[in-house]
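Me: Could you take a close look at the pocket in this structure, and then set the packing of the helices beside it? I would like a connected account rather than a list.

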Amino acid sequence: MQADRQGRLSGFAMLSDAAVQEMAAWRQDLHRHPETAFDEHRTAGKIAGLLRSFGLEVATGIGRTGVVGTLRAGGGSRSIGLRADMDALHLHEQGELPYRSQHAGRMHACGHDGHCAMLLGAARHLAESRAFDGTVQFIFQPAEENEGGGQEMLEDGLFERFPVDGVYGMHNWPGLPLGQMAMNPGPMMMAFDLFEIRLRGQGGHAAMPERTRDVIAAQAQLVTALQSIVSRNIDPLDCAVLSVTQVEAGSTWNIIPEQALLRGTVRYVDPAVQAVIESRMRELVDHIALAMGVEADMDYWYRYPATINAEEETWLAADVAAQLLGEANVRTKMRPSMASEDFAFMLRERPGCYAWLGVDGPAPGAGLHSPHYDFNDQALAIGAAYWIKLVETALAPAAKPTER
């Protein structure tokens, strides 16, 4: 494809075919051995071993199973952090790949195997070239999927122990063609909260509902009412999504149960929007329960903040991507995704940029979190080259004064 040829001429040649093939081998090995949140012991061990073999200083056990590799060159005081996530999902792989998951019920359905391979490839190249002036922290993070591994690393002193001036992340993105990248100054991904609503009534025979306090009727009212919050209480120019994702009640045909359960998620950018949503949810739970003659309580958990890119760092990242791919293949006005990402915790602590890497070929495959998903190995060279060029640009040696 044209973008690929442009990239090969302008920067991908820094990576030999052998280096790209080795990245693919690392990626497929990680795909074969997926490990989920805070259980990434083999994954972390493999990554740490490779980083040591490249000559980096390596620390393990950061945020329980995280790994940080440190590489220095020159005498500069500037520093940059590059982050890849390591964890897989609780999902049974349904494809027939030769390197399909060997762990039943777990698979790399989000491409984190590719993220690790690209960052490892960049680490090896930079360790060999040392074409920068300063310090690079290669951050391999556990537990991105729902469990907040990024926050765990921060609470374990990530940026105190491994200081950075800016931090950068990247995620493969189905829906974006191979050879393209995208990054926005400002919001890229939404904040992510969870809720659980428990209803308690009086069960009884389905033929005699008048002798019960029907939690299923209350549950149905709540599902409908909760979905109206965004459309009737939030400014249409603000973005928010409330989704009920689990509805549980009853065990047989002819019994009205005593208990029912609702679970779901809330997504938004602005904390003021979140405050309105949570307040209205609590009002609806209390008042509908009262009206329907049942008891109810709700738990609401704040999980991931919004992923918000800093302007200066984003334009730097966009310029680097344009040098590799051509300006036409770098999008800086993408609509934010309503999905969430715990790289947001790191961006709250340090300025940086989270970018999307195109992976779609002529015939797009399965999407993220599909049991058929497989990272496109053709994207490995692009992602690794982006990391390399970003470091060489952000930590470019200062120009020497001209002698007279």
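Reply: What follows describes the pocket and then two pairs of packed helices.

The model is a predicted one, and the values below are computed from it. The largest pocket holds about 360 Å³ of space, and 17 residues line it, of which Glu144, Glu145, Ala339, Ser340 and His369 are the closest to its centre. By residue class, the lining of this pocket comprises nine nonpolar residues, four polar residues and four charged residues. Both domains contribute to the lining of the largest pocket, since at least three of its residues come from domain 1 (3-187 + 306-395) and at least three from domain 2 (191-304).

Turning to the helices, two packed helices are described by the angle between their axes and the distance between the axes. Helix 2, which spans residues 17-32, packs against helix 3, residues 41-53, at an angle of about 160 degrees, and the two axes lie 10 Å apart. Because angles over 145 degrees count as roughly antiparallel, helix 2 is roughly antiparallel to helix 3, and the crossing of this pair is right-handed.

The second pair consists of helix 4 (residues 112-129) and helix 11 (residues 380-394), whose axes cross at roughly 45 degrees and come within 8 Å. That angle makes helix 4 oblique to helix 11, and the crossing in which helix 4 passes helix 11 is right-handed.

Methods. Residues are numbered from 1 along each chain as its sequence is written. This is a predicted model: local features need pLDDT of at least 70, side-chain atom pairs count only at pLDDT 80 or more; totals for chains, interfaces and linings use all residues. Side-chain values use heavy atoms; hydrogens and water are left out. On a 1 Å grid over the protein atoms alone, a cavity is a set of points where a 1.4 Å probe fits but cannot get out, and a pocket is an open set with protein on both sides within 12 Å along at least five of seven lines; lining residues have an atom within 4 Å of a point. Grid points are joined across faces, edges and corners, and a volume is the space filled by probe spheres set on the points. Ala, Val, Leu, Ile, Met, Phe, Trp, Tyr, Cys and Pro count as nonpolar, Asp, Glu, Lys and Arg as charged, and the others, Gly among them, as polar. Domain bounds come from an automatic or database domain assignment. Axes are lines fitted to C-alpha atoms, for helices over the stretch in contact, and angles run from 0 to 180 degrees between N-to-C directions. Helices (H or I, at least four residues) and strands (E, at least two) are DSSP runs, numbered from the N terminus. Angles under 35 degrees count as roughly parallel, over 145 as roughly antiparallel, 65 to 115 as roughly perpendicular and the rest as oblique. A crossing is left-handed if the near helix is turned anticlockwise from the far one by less than a right angle, and right-handed if clockwise.
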